[in-house]
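Me: I am new to this structure and would like a close look at a single part of it. Please take that part and then work outward from there.

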Amino acid sequence: MPEPTTNGAPKIGVYVCHCGVNIAAKVNVSEVVEFAKTLPFVTVAREYKFMCSDPGQELIQQDLREGKINRVVVASCSPLMHEATFRRATAEGGQNPFFFHMANIREHVSWVTADGHKATEKAKALIAAAVRRVAFHEPLEKKRVPVHPHVLIVGGGIAGIEAALKIADAGKKVYLVEREPTIGGHMAQFDKCFPTLDCAACILTPKMTQVRSHPNIELLTYSEVESVEPYDLRNFKVRIRRKACYVNEDTCTGCGLCAEVCPVSVPSEFDEGLAMRKAIYRPFPQAVPNVFTISRRGTPPCQAACSIHQNAQGYITLIAHGKFKEALDVILRDNPLPSICGRICTHPCTVNCTRGTVDDPLNIPGLKRFVTDLFPDYKLPQPKVNRSEKIAIVGSGPAGLMCAYELRQRGYWPVIYEAQPVPGGMLSVGIPAFRLPRDVISKEINRLKEIGIEIKTNTPVGKAVTLEELRKQYAAVFIGIGAHVERRLNVPGEDLPNVWGGIEFLRKVNLEGPFKLGERVLVIGGGNSAVDAARTALRCGAKEVTIVYRRTRAEMPADPKEIEAAEEEGIKMLFLAAPKTILGNKDTGVTALECLKMKLGAPDASGRPAPEPIPGSEFVLSCDAIIATIGQVPDLKSLGDKLGLETTKWGTFKVDEVTLETNIPGVFAGGDCVTGPDVVVNAMYAGKKAAISIDRYINKLDMRAGREREGPYRTEYAIDTSGVAMQKQIPMPAIALERRRTFDEVHTGYTQEQAIAEAKRCLDCAICCDCRLCSTVCEAKAINYEMKDHIQEIVVGSIILATGFKPFDARRIPRYGYGKYPNVYTALEIERMTNSAGPTGGEIRLRDGRKPKAVGIIHCVGSRDRNYNSYCSRVCCLYSLKLAHLIKERTGAEVYNFYIDMRVPGKAYEEFYDRMLEEGIHFIRGRVAEVTDHAMTPDEEGKLVIRAEDTLIGVIRRIPVDMVVLAVGLEPQADADEVRRKFYISCGTGGFFLERHPKLAPVQTFADGIFIAGACQGPKDIQDTVAQAGAAAAEVLSLIDRGFVELEPNTAFIREELCSGCKTCIPLCPFSAISFNSDKGIAVINEALCKGCGTCVAACPSGAAQQHLFTDEQIYQEIEGVLSYV
Amino acid sequence: MSEQWEPRIVAFFCTWCTYTAADLAGISRMTYAPNGRIIRVMCSGRMDPQFVLKALADGADGVLIGGCHPGDCHYQAGNYKALRRYTLLKRVLTEMGIEPERVRLEWISASEGDRVQKVMNEMAEQIRKLGPLQLERPLPQPLPETERGAVPLPVAGRGLRG
């Protein structure tokens, strides 16, 4: 090759190609040649029939060799087609191959222009541009970049399997990534393959096991490609997300015991929903790898909403399966007071229950109560460790008890100080026994005592012992004294006899027993305590109890169920009324209440409308007693604190929100004394939170780290509730109304049958219910619930995408009745049914178990239809014939095929069609209008009627059948668009991946090193898929064996003398190829990283940045060329 | 200008999407208005606004820029850069008294041959409506003596002066 610099003054040869008639029929080639001769520097201009042929190339080479020319312009087809050919010819003629430019007068001129004259003019313009441009070309060298020998194959269907085996057999390392738990793809679902009718599994499974055992294949199932980034100029750095399957792939033996005990069943994806699988599953017995996977969506909404994250779905699922003991174990995992919570918890879980969007939420506390009632003598789990530290807990309410339990489980020795004679705090003194029987509380507390928690009753801190002493004697202190001091009404007459505070009244009844209040009792307030007080007053013998509330029922904070229960018992409600004066005197006690009518105004701070008094609306209610229940505040003074604990203006303790630590290190507080009056489960949450902090405090660990997920949060799952049958919540049995004048518990709890029926309403939001039964039976100890997704990073030089297809969703064509009529199936469903390992053991049956007597197969469902997909899915005719044969063979049914055209090209396909015709399968030519169950004759009664025009005889036919099979077409995977972006490739019409050339490069893409195979490129059968996989493998192997690729030398460079160091280009480069040389004060382009887009060149204000093959001068010349001469 | 005025349109197409789409239009024999002259660049991000000014200055009545759809750029984000410059350029053109509708940016993917046809036709129609761009014609540029000879003058000064 001569020295490029000696190229000398331009002598340009222009060669215009006829391309047979492709160009010459439209473009006047001779005229163009004559024109070319007039262009500057053009020394030779010729035409030839086929420039790409050897003689055509020889023309160029000869002119070059003879020195007639030193630069070449070929006007022919697209440079994407033949640029390489002519560059090679230029090089062989002795010049640098880049002294060449191509004018595209075929694709961009002759093929797209109607008028011959205009085509000729356009061709001239493009040639003029090329001539002017090529004069500015410079000699360039192609750079060689090594190709990394490792290969990534995405998709473990037959295409991926075939390509992986071919490449691995050639001794190259392959990573095969599959997002499902097993490889096999759609082919594994098929029963037989057309046209040979050989068993799909028999030919596929050996290949699958070969993949598993092949030393050169690293199989990454249940994994997805997260990102693909350039590793260097030619190779890829791929990040693969290995999704957590919660089963250790190396130790799982595939024995299947776990699935036997798993209580959760969901429709099997592999069996197209015709059978159920367990939450821990293996798609099918021959799955590769032969390991189980747990479907886990995460925390179900009920559990997330619960302050202490009680695993409701877990125990509910176990109850539904009659596994009550196991359910109890799940309950006790998170909650030491379940029989209390089962009765009086305000159940935020049910509020978020997904079933509530269908009909009613589940009665989750009722189910919990059922289990605890069933095992009245259950025990709490014993702590697994013991430590020496003792912790003081002030107050034995739910906060204190929960804190003590959690600390005891961590090995500490909690000592609870309780001022009252009975432990339990508000549970014992504030909640009436008809809702929470006393023996339930005492049993729960005894269970806590049994595991080593000490409770000192009648020991008020501040009197019997001081806080400072506790602080000194114990490793830490938790204060959970609740809120027991009544808020005052602040109206005249409040101190009259027989005016009670709600808690004061309840405490007296709870500790001393019922006493006579009077005939007519007014209860002021709208919270749970008010309702409790009213119902207790009734049980104390009052004849008439009225709740007076200043807002309306909708704003009452009390549990709606409790309000209902109160009303059932005969308690009256008086809304929009507020007390003004309590009337009476010291001797008679209270005699009446003067009230003021209220109206609702603008929302206040709580978001509820603020009640506003109506002036002059006073009225008087006569009564014998008043119970004022308008809220409570903590009694902080009773502690006689000398430590200096900080408090808030609301009279509560000031604590750190995350740790619940007070301003005094080692002293923690939680529950109502921090939040003000709140529900039991929130107090328990505070106790648990404090226990975690105390444990970390004692062990000198960071008290704040990783505590984001404590407390209630929201989760939602897109649950398909469309098929869920309506079934209301089962009401909890209760004692007769007339018996509700005693302190007997009102609700008696579910029976076993009721509990199971109620539990079965659960929708399994999170799929795996986290009951952990599987781990109890797994002998290999392979189950790991703590497993997390992780990222595996690999470097590869080539990638084959074999991501397959998804079947057309037949629901999109409602007139075919899929999803509406039970006996309308998709082909893939029948495919599973005909499989002897399938849901029916190979029997073709209707939903009710009958054998079909007549079956209609509708072709082209979702294919060849402008409303859905206009393309032909290619495989449906053949698989319909196959299914027709199998249905007839297994059931003897008459089978009708409704087709538009029979498309059966392919080896032995037509013969197969002939055979089916001979077998007596009916063929009706015409697109089906609808499938209906509307009978017009007695023959059609109870049948599905297929209405279609028989276009061969020109009549509308109604064919009654028992079963309809929809031959659904093939569509791109739902995420094809996302995937192709990840891999820098394009999608063609219909959304399938776009090949580089439809005929000559069917497995290549426009991205170097990325290939496609199988149905992701377009609908195709197994035969073609395997052939294409082989082709892709061959492409990859030839790349690897060659070891390098030559890169187009179109990289950017800096003309140092022009660079002003403005740094504009640096952030524009997506490949970080540009850096700043601070010594020279100029930008520097790393040629090894530059991919040649030219974005930096376009932005350079001084013209210092340039791009080889696309310099500013070259493009300016091209612009002038297309505009100047014609 | 000839008696029968025909719009002259320069089209800058990125090689990966729009140029390929134009090839596809050809392979599919989709005829369209012959007014567009396609210049291939590697990426729409290579589009220097000066190319557009230069083309208009040198006699083009309209300029079409074709790139990959957002998110599809072969070089990750070159098309976004093109969009950025295009938006700014339209304002500059308005300032100069040139109808901004003479310049159009289109996202056309490699499979959208029909879109090339549609856009080329629309563009020809649009420019026909606007009429010829009335700028003073620049003097024909002398070609360089050798291929390394004269570096052309900065463009903005050439056609748009005066």
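Which residues of helix 24 (residues 752–759) of chain A are buried?

Reply: This is a predicted model, and everything below is computed from it. In helix 24, which spans residues 752–759 of chain A, the buried residues are Ala755(A), Glu758(A) and Ala759(A). These residues lie on the same side of helix 24 of chain A, because the arc they cover around the axis is only 95°. A general point about helices fits here. An α-helix has 3.6 residues a turn, so residues three or four places apart point the same way. As for what lies over the buried residues of helix 24 of chain A, the cover includes helix 10 (312–320) and helix 14 (364–374) of chain A.

The loop that leads to this helix comes next. Lys728(A) is found in the loop between helix 23 (680–698) and helix 24 of chain A. Lys728(A) has a relative accessibility of 53% and therefore counts as exposed, the cut-off being over 50%. Apart from residues up to four places away in sequence, Lys728(A) touches Asp359(A), Asp360(A) and Arg761(A). Lys728(A) and Gln95(A) are 633 residues apart along the chain, and 86 Å separates their C-alpha atoms.

In the same stretch of numbering, there is a salt bridge between the side chains of Asp744(A) and Arg739(A), at 3.8 Å from N to O. Both partners are partly exposed: Asp744(A) has a relative accessible area of 37%, and Arg739(A) has a relative accessibility of 44%.

Other salt bridges can be set beside that one. Over all chains, the structure holds 100 salt bridges. One of them joins the side chains of Glu512(A) and Lys508(A), with an N to O distance of 2.9 Å. Glu512(A) and Lys508(A) are about one helical turn apart, because they sit 4 residues from each other in helix 19 (residues 502–512) of chain A. Glu512(A) is exposed at 58% relative accessibility, while Lys508(A) is partly exposed at 28%.

Another salt bridge links Glu940(A) and Arg958(A), whose closest N and O atoms are 2.9 Å apart. Glu940(A) belongs to the loop between strand 40 (928–932) and strand 41 (944–950) of chain A, and Arg958(A) to strand 42 (residues 955–961) of chain A, so this pair ties together parts that are 18 residues apart in sequence. Glu940(A) is buried, its relative accessible area being 5%. Arg958(A), with a relative accessible area of 25%, is partly exposed. Salt bridges also form a network through shared partners, and its members are Arg435(A), Asp532(A), Arg535(A), Arg539(A), Glu562(A) and Glu569(A).

A charged residue can also be buried within a helix, as with Arg832(A), which is in helix 26 (residues 827–834) of chain A and counts as buried at 2% relative accessibility. The side chain of Arg832(A) has a polar contact of 2.7 Å with that of Asp271(A). Beyond its neighbours within four places in sequence, Arg832(A) has contacts that include Ala188(A), Gln189(A), Phe270(A), Glu272(A) and Pro839(A).

The last step outward is to the second chain. The contact between the chains draws on 66 residues from chain A and 62 residues from chain B. Together the two chains bury about 5400 Å², of which 60% is on carbon and sulfur atoms. Of the area that chain A buries against chain B, 13% is supplied by Trp111(A), Tyr1116(A) and Leu1123(A), more than by any other three residues.

There are 6 salt bridges between chain A and chain B. One salt bridge pairs the side chains of Asp72(B) and Arg981(A) at 3.4 Å, N to O. The count of residue pairs in polar contact between the two chains is 17, with both residues at pLDDT 80 or more. Several elements give two or more residues to the side of chain A that touches chain B, among them helix 3 (79–92), helix 5 (116–134), helix 29 (976–982) and helix 32 (1112–1124) of chain A. Helix 32 of chain A gives the largest share of that side, 10 residues. Sorted by class, the side of chain A that touches chain B has 33 nonpolar, 18 polar and 15 charged residues.

Methods
Residues numbered from 1 in each chain as written. Chains lettered and ligands numbered in written order. Predicted model: local features only at pLDDT ≥ 70, side-chain atom pairs only at ≥ 80, totals over all residues. Heavy atoms only, no water. Contact = heavy atoms within 4.5 Å. Buried area = accessible area lost by both parts, 1.4 Å probe. Salt bridge = Lys/Arg side-chain N within 4 Å of Asp/Glu carboxyl O. Polar contact = N/O pair within 3.5 Å; in protein donor to acceptor, adjacent residues only side chain to side chain. Nonpolar A, V, L, I, M, F, W, Y, C, P; charged D, E, K, R; others polar. Buried < 20%, exposed > 50% of the residue type's maximum accessible area, 1.4 Å probe, protein only. Arc of directions from axis to C-beta.
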